[in-house]
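Work through the exercises below with the model open. Try each task before reading its solution.

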Amino acid sequence: MIAKHGSAVWNGSLKQGGGTVSTQSGALSGLSYTHAMRFGDAKGTNPEELIGAAHAACFSMFLAALMGGEEIVPDAIETTSTISLDATTEGGPTVKKAHLVTSVRAAAPEAKIRVLADKAKAGCPISKLLNAEVTIEVKIG
């Protein structure tokens, strides 16, 4: 089993405090985040943005694997995952949706790419991790 970790430190109250996030690899190291970055317009990262990046990366890799299984080598797979947080949910803020938008360039029939993209959406480990509606928009070319 593969195990990777990320970590976070938070200091102070929710609205006036702040924290940092880091990853095991050091790709993120002491990256700051605050309430205003998550729920307001302050520049900086937040958990939903980080989950979106992880989801987009996971989906793209999984799609490439599925395409490889069909002997299709993609020229490029570019994906964005928008994570929607409902801050008004009873019981606390809840991630309700993850919407993937992917653009695929490959020498393969469009219908085949769409079928594989739907399989990747359902099968990528981060999609399976999310307790949310996962939707997809596929652009070919």
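**Exercise 1. Is strand β1 buried or in the open, and what does it pair with?**

Solution. This is a predicted model. Start with burial. Strand β1 covers residues 6-11, and of its six residues the number buried is zero, so the strand lies largely in the open.

Next, find the partner. Six bridges join β1 to strand β2, residues 18-23. The two strands run antiparallel. For one bridge pair, take Trp-10: its partner in β2 is Gly-19.

Last, inspect the connection. β1 and β2 form a hairpin, with six residues between them. Gly-12 sits in the turn and has a positive phi of about 90°.

**Exercise 2. Place His-35 and classify its burial.**

Solution. Locate the residue: His-35 belongs to helix α1, residues 35-39. Then check its accessibility. The cut-off for buried is under 20% relative accessible area. His-35 has 19%, so it counts as buried.

Now list its contacts, leaving aside neighbours within four places in sequence. They are Trp-10, Leu-14, Lys-15 and Gly-40. Trp-10 is the residue that bridges to Gly-19 in β2.

**Exercise 3. Describe helix α2: its length, its start, its buried residues and what follows.**

Solution. Begin with length. Helix α2 spans residues 47-69, 23 residues in total. From first C-alpha to last it reaches 33 Å, close to the 33 Å expected at 1.5 Å a residue.

Go to the start of α2. A side-chain oxygen of Asn-46 comes to within 3.1 Å of the backbone nitrogen of Glu-48.

Then pick out the buried residues. Among them are Gly-52, His-55, Ala-56, Phe-59, Leu-63 and Met-67. An α-helix has 3.6 residues a turn, so residues three or four places apart point the same way.

What do the buried residues of α2 pack against? The list is α1, β4, β5 (94-105), α3 (110-123), α4 (125-129) and β6 (133-140).

Finally, look past the end. Glu-71 follows α2 and has a positive phi, near 60°.

**Exercise 4. Place Asp-86 and find its contacts.**

Solution. Asp-86 lies in strand β4, residues 76-86. β4 is one of the elements against which the buried residues of α2 pack. Asp-86 itself has 27% relative accessibility, so it counts as partly exposed.

Set aside residues up to four places away in sequence. Asp-86 then touches Gly-92, Pro-93, Thr-94 and Lys-96.

Close with a distance. Asp-86 and Thr-23 are 63 residues apart along the chain. Their C-alpha atoms are separated by 26 Å.

Technical notes
Residues numbered from 1 in each chain as written. Predicted model: local features only at pLDDT ≥ 70, side-chain atom pairs only at ≥ 80, totals over all residues. Heavy atoms only, no water. Helix = DSSP H or I, 4+ residues; strand = E, 2+ residues; numbered from the N terminus. Buried < 20%, exposed > 50% of the residue type's maximum accessible area, 1.4 Å probe, protein only. Contact = heavy atoms within 4.5 Å. Pairing = 2+ DSSP bridges. Expected span 1.5 Å × (residues − 1). Polar contact = N/O pair within 3.5 Å; in protein donor to acceptor, adjacent residues only side chain to side chain.
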